[in-house]
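Student: I have just opened this structure and would like some help finding my way around. Could we go through it together?

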Amino acid sequence: MFNFDYFTPTKVVFGRETELRVGELVKQQNKSKALIHYGGGSVVRSGLLDRVKKSLDAQRIEYVELGGVVPNPRLSLVYEGIELAKRECVDFILAVGGGSAIDSAKAIGYGVANEGDVWDFYEHTRTASACLPIGVVLTIAATGSEMSNGSVITKDKGMVKRAYDDDLARPVFAIMNPELTMTLPDYQTACGCTDILMHTMERYFTSGGNMEVTDSIAEALMRTVIKNARILRNDPQDYDARAEIMWAGSLSHNGLTGCGNDGGDFATHMLEHEIGGMFDVAHGAGLAAVWGSWARYVLGDCLPRFHRFAVNVMGIAEEGSAEEIARKGIARMEDFYRSIGMPTTLKELGISPTQEQMAEMARGCAAACGGSQGSAKVLYEEDMLRIYHMANDR
């Protein structure tokens, strides 16, 4: 195992009607004015936004609003939020929604608290020195952004998708009411479950350092998500299944499942960022579409981990060679993805990138990674291109 730092400062308030406590939680931060940041749609239609504002009003907390966040949140709205927050002297940001709203809120927080162009942080040409405090009312279990240090933003010009990770942006609190996820379309629920699994697998499939307790936590988390994703496929209103998925989403990406290893692989995420940037697809679906190709490509360099995953997570019997068992585990995972309506190839995702587009994605991915990415197997641009071809040709 490796040494590790584990930092999770987010206060979690979990359960039914917890959104009614948002006013008191913001008041505890001793801030003067909040920016409520959200997408729209169900947040407005369900009455959640009105309940949030009523709770803030009850605590006499001033606020301004900025809606309009979309999946793969855009830099243009971040700029708008920075300008609004500075003009209105905002000193707290409240994200109401899923990962897109939270990531956009984090970017706004960076932009208000630092001079210069916030995009510099996502291009990794500068490092942030501060961030406005962020609070969250979570409506989608997926990205884990409610407890993580990560944020992913898409630059409108060229649809370039980039990530920036910094503990400065970890939310100070996260309100999680599983009932708020019950209005989600089945496809979004499945995408969220896929993202949760991938956040765990990115830290699980490594070639450097492991802890038995961390592995066991990760394996239990993955089994739990698979089990409850199937329950929600058949009964989207099952509160307990919603709760299991929501809590798993936070635990999958707050650092817990990476303690003692080398920090994770995350090549699949980087590969998907290029797909999402170019084709604006749902993040979870893009991950599912490329994961099987990535897994088969890196299998020979990380065989013990894939063998363990096949047996302990996917329930493959230990019959045959380690490689045969590992390949069965990959295939069973893809069967699961398909069973909840997720794609396992680019064609199933609904895209058919050209040779030139795949080459462009590989170049962009390598550039975003600083030349290489991966722990299960270190990938370079030519490896990334081969994986795109595998995902496209299957």
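Tutor: Happily; below we take the core, one residue and two helix pairs in turn, keeping in mind that this is a predicted model.

Student: Which helix gives the most to the largest nonpolar core?

Tutor: Start with the core itself, which has 103 residues. Among the members that touch the most others are Trp291 and Trp294. The helix that gives the most covers residues 283-298 and supplies nine residues. That is helix 11.

Student: How many residues are in the other core, the one with Val43 and Ile61?

Tutor: This other core lies apart from the largest one. Leu94 and Ile175 are also among its residues. Its count is 20 residues.

Student: Is Ile387 buried or exposed?

Tutor: First find Ile387 in helix 16, residues 381-393. Leaving out residues up to four places away in sequence, Ile387 touches Leu271, Val290, Ser293, Trp294, Tyr297 and Leu379. Buried means under 20% relative accessible area. Because the relative accessible area of Ile387 is 0%, the word for Ile387 is buried.

Student: Which residues does Phe309 contact beyond four places in sequence?

Tutor: Phe309 is one of the residues that touch the most other members of the largest nonpolar core. Setting aside neighbours within four places in sequence, its partners are Met201, Tyr204, Phe205, Met222, Trp291, Met314, Gly329 and Met333.

Student: What is the arrangement of helix 15 relative to helix 16?

Tutor: The axes of helix 15 (residues 355-368) and helix 16 come within 8 Å. They cross at roughly 135°, and angles over 145 would count as roughly antiparallel. Helix 15 is therefore, relative to helix 16, oblique.

Student: How many residues in the contact of helix 15 with helix 16 are nonpolar?

Tutor: Helix 15 brings residues including Met358, Ala359 and Met361, while helix 16 brings Met384, Leu385 and Tyr388 among others. Three residues of this contact are polar and two are charged. The nonpolar ones number nine.

Student: What is the handedness of the crossing of helix 10 and helix 15?

Tutor: The axes of helix 10 (residues 267-279) and helix 15 come within 9 Å and cross at roughly 125°. Among the residues making the contact are Met270, Leu271 and Ile275 of helix 10, with Met361, Gly364 and Cys365 of helix 15. By class, this contact has eight nonpolar, two polar and two charged residues. As for handedness, the crossing of helix 10 and helix 15 is right-handed.

How values were computed. Residues are numbered from 1 along each chain as its sequence is written. This is a predicted model: local features need pLDDT of at least 70, side-chain atom pairs count only at pLDDT 80 or more; totals for chains, interfaces and linings use all residues. Side-chain values use heavy atoms; hydrogens and water are left out. A nonpolar core is a set of buried Ala, Val, Leu, Ile, Met, Phe, Trp, Tyr and Cys residues joined through side-chain atoms within 4.5 Å. Buried means under 20% relative accessible area, exposed over 50%, partly exposed in between (1.4 Å probe, protein chains only). Helices (H or I, at least four residues) and strands (E, at least two) are DSSP runs, numbered from the N terminus. Contact means heavy atoms within 4.5 Å. Axes are lines fitted to C-alpha atoms, for helices over the stretch in contact, and angles run from 0 to 180 degrees between N-to-C directions. Angles under 35 degrees count as roughly parallel, over 145 as roughly antiparallel, 65 to 115 as roughly perpendicular and the rest as oblique. Ala, Val, Leu, Ile, Met, Phe, Trp, Tyr, Cys and Pro count as nonpolar, Asp, Glu, Lys and Arg as charged, and the others, Gly among them, as polar. A crossing is left-handed if the near helix is turned anticlockwise from the far one by less than a right angle, and right-handed if clockwise.
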